[in-house]
Amino acid sequence: MPLSVHYRIADYLLYPVIYYVARYRRGITEKNLRLSFPEKSDSERQQIARDFYRQFCYTIVESIYGYRIDEEEMRRRVVFEGMEEVNRLVAAAGGGIFMLAHIGNWEWMASVQQWLSSGVTEMNVYRRLKNRAIDRLMLAIRAKRGGVCVEKQRILREMVRYRAEKKPVTVGMLCDQKPRPEVTRTWTMFLNQETGFLDGGEVLGRKFGYPVFYAYITREQRGIYRTQMKLLAARPEETQEGEITTAYARLLEQNIREQPALWLWTHNRWKWGR
């Protein structure tokens, strides 16, 4: 089916069911928006919530549609800027780290493989889903662009193997989910709340000496995204502990405030305090 048909399904079936009937995590979304944007009115926050749920539905149908489209169309729908610097630094260091977030269509970010220099492998860190059928589907969608999906607990071993075999690799990691407070090392103010952050991207960058980037995503129009690869650290081994993760949090907050409906507000991000 053409993408226009997928969008009709999203607008006239998925959105009404998820937002009005199932009321999927409406309470969490409204609480997150209220705490994150106290300066906005109730009507403004409600509009962000409605826009977010529509974007959430679009992400679902776009991800399914993305399995069938060719490289040319994907390069048109997700444009990566700053890849000259990315490829230069990755070639010099033998690898790179991409700190990502649940913003825009994060499932399409695996298409960065098409923008990397020849011979560079993109690893996508993922957590296995409980539903095996959906897990297989999502793996197929993510691997369609040529990258490699690696479970979180195996990523260090795979990075060591690639380095031993002198194969350049980039690692994409979603870093905006909540870590358990007892293992959280980096805390910072984020969207008006003291927030703990996963620091796996920083830890791997420092360990391997790989440059670290943040993928700053904006939606140009429905189904068209622009991703700016912003350098967080060219030589992470020379940074202080928590410096890269804090810089990531600052850029992520800026990214969210620019287009708040693009972030995944249904995630119970502030379940645990410090």
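Which ring does the charged end of R26 sit over, and at what distance from its centre? The exercises below start there. The model is predicted.

**Exercise 1. Place R26 and the ring under it, then follow that ring to its partner.**

Step 1. The charged end of R26 sits over the ring of Y19, 4.0 Å from the ring centre.

Step 2. Now find where Y19 lies. Y15 and Y19 both belong to helix α1, residues 3-21. They are four residues apart, about one turn of the helix.

Step 3. Check the cover. Y19 has a relative accessible area of 6%, so Y19 is buried. Y15 has 5% and is buried as well.

Step 4. Put the count beside the pair. The structure holds 21 aromatic pairs. Y15 and Y19 form one that is stacked, with 5.3 Å from centre to centre and 10° between the planes. The cut-off for stacking is under 30 degrees.

**Exercise 2. Classify the ring pair W108 and Y225 as stacked or edge-to-face, and locate its two residues.**

Step 1. Recall Y19, which is buried at 6%. Turn next to W108 and Y225, whose ring centres are 6.1 Å apart.

Step 2. Use the angle. The planes stand at 85°, so the pair is edge-to-face. The cut-off for that class is over 60 degrees.

Step 3. Locate the residues. W108 is in the loop between β2 (95-100) and β3 (121-126), and Y225 is in strand β9 (residues 224-233). They are 117 residues apart, and the pair links distant parts of the chain.

Step 4. Add the cover. Both W108 and Y225 are buried.

**Exercise 3. Find the ring cluster that holds Y216, and name the lysine over Y216's face.**

Step 1. Follow the ring pairs. They link F37, F190, F197, Y214, Y216, Y248, W263, W265 and W270 into a cluster.

Step 2. Look over Y216. K230 lies over its face, at 5.2 Å from the ring centre.

**Exercise 4. Describe the salt bridges of R76, E81 and R180.**

Step 1. Start with the idea. Side chains of opposite charge can pair when their charged atoms come close. A search of the whole structure finds 19 salt bridges.

Step 2. Take R76. Its partner is E73, and the closest N and O atoms are 4.0 Å apart. Both residues lie in helix α4 (residues 71-77), three residues apart, about one turn of the helix. R76 is partly exposed at 47%. E73 has 17% relative accessibility, so E73 counts as buried. The cut-off for buried is under 20%.

Step 3. Take E81. Its side chain meets that of R226 in a salt bridge of 2.7 Å, N to O. This pair links distant parts of the chain: E81 is in strand β1 (residues 78-81), R226 is in strand β9, and 145 residues separate them. E81 is partly exposed at 31%. R226 is partly exposed at 26%.

Step 4. Take R180. It forms a salt bridge with E182, with the closest N and O atoms 2.7 Å apart. R180 is partly exposed at 45%. E182 is exposed, at 56%.

Step 5. Move to a network. Salt bridges that share partners join R154, E158, R161, E165 and K167.

**Exercise 5. List what the side chain of Q113 reaches, and say where Q113 lies.**

Step 1. Place Q113. It is in the loop between β2 and β3. Its relative accessibility is 15%, so Q113 counts as buried.

Step 2. Trace the contacts. The Q113 side chain reaches the backbone oxygen of V120 at 2.8 Å. A polar atom of that side chain also lies 2.8 Å from the backbone nitrogen of E122.

**Exercise 6. Name the residues of the nonpolar surface patch, and place V21.**

Step 1. Gather the members. M1, I9, L13, V17, Y20 and V21 make a nonpolar surface patch of about 620 Å².

Step 2. Pick out V21. It is in helix α1. V21 has a relative accessible area of 65%, so V21 is exposed.

**Exercise 7. Contrast K166 and L191: which is buried and which is exposed?**

Step 1. Begin with the backbone. Most residues other than glycine have a negative phi. K166 has a positive phi of about 55° although it is not a glycine. L191 has a positive phi of about 50°, and L191 is not a glycine either.

Step 2. Place both. K166 is in the loop between α7 (155-164) and β5 (169-174). L191 is in the loop between β6 (186-190) and β7 (193-197).

Step 3. Compare the cover. K166 is exposed at 74%, whereas L191 is buried at 0%.

Technical notes: Residues are numbered from 1 along each chain as its sequence is written. This is a predicted model: local features need pLDDT of at least 70, side-chain atom pairs count only at pLDDT 80 or more; totals for chains, interfaces and linings use all residues. Side-chain values use heavy atoms; hydrogens and water are left out. Rings of Phe, Tyr and Trp (its six-membered ring) pair if their centres lie within 6.5 Å; planes under 30 degrees apart count as stacked, over 60 as edge-to-face and the rest as tilted. Helices (H or I, at least four residues) and strands (E, at least two) are DSSP runs, numbered from the N terminus. Buried means under 20% relative accessible area, exposed over 50%, partly exposed in between (1.4 Å probe, protein chains only). A charge sits over a ring if NZ of Lys or CZ of Arg is within 6 Å of the ring centre and within 35 degrees of the ring normal. A polar contact is a pair of N or O atoms within 3.5 Å; within protein, one must be able to donate a hydrogen and the other to accept it, and residues adjacent in sequence count only if both atoms are side-chain atoms. Patches are made of residues with over 30% relative accessible area and no salt bridge: like charges are joined within 9 Å, nonpolar side chains (Val, Leu, Ile, Met, Phe, Trp, Tyr) within 5 Å. Accessible areas come from the Shrake-Rupley method with a 1.4 Å probe; for residues, only the protein chains shown count as cover.
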